[in-house]
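Work through the exercises below with the sequence and the model open. Try each task before reading its solution.

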Amino acid sequence: MAQPADAAPAATPFERLGGEPGVRALVDRFYDLMDLEPHYAGLRALHPADLGGSRDKLHWFLCGWLGGPDLYVERFGDPRLRARHMPYRIGIAERDQWMACMLQALQENAIDEGLAQRLAGAFFGTADWMRNL
Ligand code: HEM
């Protein structure tokens, strides 16, 4: 059905997650799980000892990627995400650990099922594109 011209635009994934605090909660859960769960140890070992910078960068990036403010680009310019992952050996195993960790974070943060599925598809496309092995 056609929308009236003055209809509010559909909510972005950023808004549906609850804006910046919601994105931050997802990112924090993701890195907490990576730190705690033994089956993400391989993924964890690629990251620095202190995950503070990783948390901030993923948070800033996801805010823009999900349709909110471009906080990453404001700070660092073009994300060039694939190039920035080149220093790390990323194959199927690393991609799948990253995805499993993110899926667990989505589930534990009780993200709406429909939104979680849509995000999972988008995350998978980006994670697969990051492979360099
Ligand atoms: C496919 C598996 C992936 C692996 C193994 C991986 C691993 C890493 C590692 C080791 C870093 C460096 C952390 C740091 O410097 O603190 C990093 C940075 C980053 N990752 Fe990933 N990553 C993956 C997928 C993704 C995906 C799917 C996204 C986005 C949806 C993403 C977004 C980022 C961002 C924004 C940074 C910061 C880049 C920078 O400014 O240096 N990564 N990743």
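**Exercise 1. Sort the residues of the shell around the ligand into nonpolar, polar and charged.**

Solution. Keep in mind that this is a predicted model.
- Step 1: count the shell. It holds 21 residues.
- Step 2: sort them by class. The shell divides into 13 nonpolar, four polar and four charged residues.
- Step 3: pick out the closest residues. These are S54, Y72, H85, Y88 and W98.

**Exercise 2. Find which side chains place an N or O atom 2.5 Å from an oxygen atom of the ligand.**

Solution.
- Step 1: start at S54. An N or O atom in its side chain is 2.5 Å from a ligand oxygen.
- Step 2: go to Y72. Its side chain also has an N or O atom 2.5 Å from an oxygen of the ligand.
- Step 3: turn to a ligand nitrogen. The partner here is H85, with a side-chain N or O atom at 2.8 Å.
- Step 4: apply the cut-off. A polar contact needs a pair of N or O atoms within 3.5 Å. The pairs at S54, Y72 and H85 meet that distance.

**Exercise 3. Locate the ligand, and name the elements that give two or more residues to its shell.**

Solution.
- Step 1: place the ligand. It sits in the largest pocket.
- Step 2: list the elements. Helix 3 (41-46), helix 4 (52-65), helix 6 (81-85), helix 7 (92-108) and helix 8 (113-129) each give two or more residues to the shell.
- Step 3: find the largest share. Helix 4 supplies it, with four residues.

**Exercise 4. Is R44 buried or exposed?** **Describe its surroundings.**

Solution.
- Step 1: assign the element. R44 lies in helix 3.
- Step 2: check accessibility. The relative value for R44 is 14%, so this residue counts as buried. The cut-off for buried is under 20%.
- Step 3: look for a polar partner. A polar atom of the R44 side chain lies 2.9 Å from the backbone oxygen of P48.
- Step 4: list contacts beyond four places in sequence. R44 touches M34, D35, A49 and L51.

**Exercise 5. Which residues does L58 contact, leaving aside neighbours within four places in sequence?**

Solution.
- Step 1: assign the element. L58 belongs to helix 4.
- Step 2: check accessibility. L58 counts as buried because its relative accessibility is 14%.
- Step 3: read off the contacts. They are V27, F30 and Y31.
- Step 4: compare sequence with space. L58 and D28 are 30 residues apart in sequence, and their C-alpha atoms are 9.6 Å apart.

How values were computed: Residues numbered from 1 in each chain as written. Predicted model: local features only at pLDDT ≥ 70, side-chain atom pairs only at ≥ 80, totals over all residues. Heavy atoms only, no water. Near = heavy atom within 4 Å. Polar contact = N/O pair within 3.5 Å; in protein donor to acceptor, adjacent residues only side chain to side chain. 1 Å grid on protein atoms, 1.4 Å probe; cavity = no way out; pocket = protein on both sides within 12 Å on 5 of 7 lines; lining within 4 Å. Sits in = over half its atoms within 2 Å of the grid points. Nonpolar A, V, L, I, M, F, W, Y, C, P; charged D, E, K, R; others polar. Buried < 20%, exposed > 50% of the residue type's maximum accessible area, 1.4 Å probe, protein only. Contact = heavy atoms within 4.5 Å.
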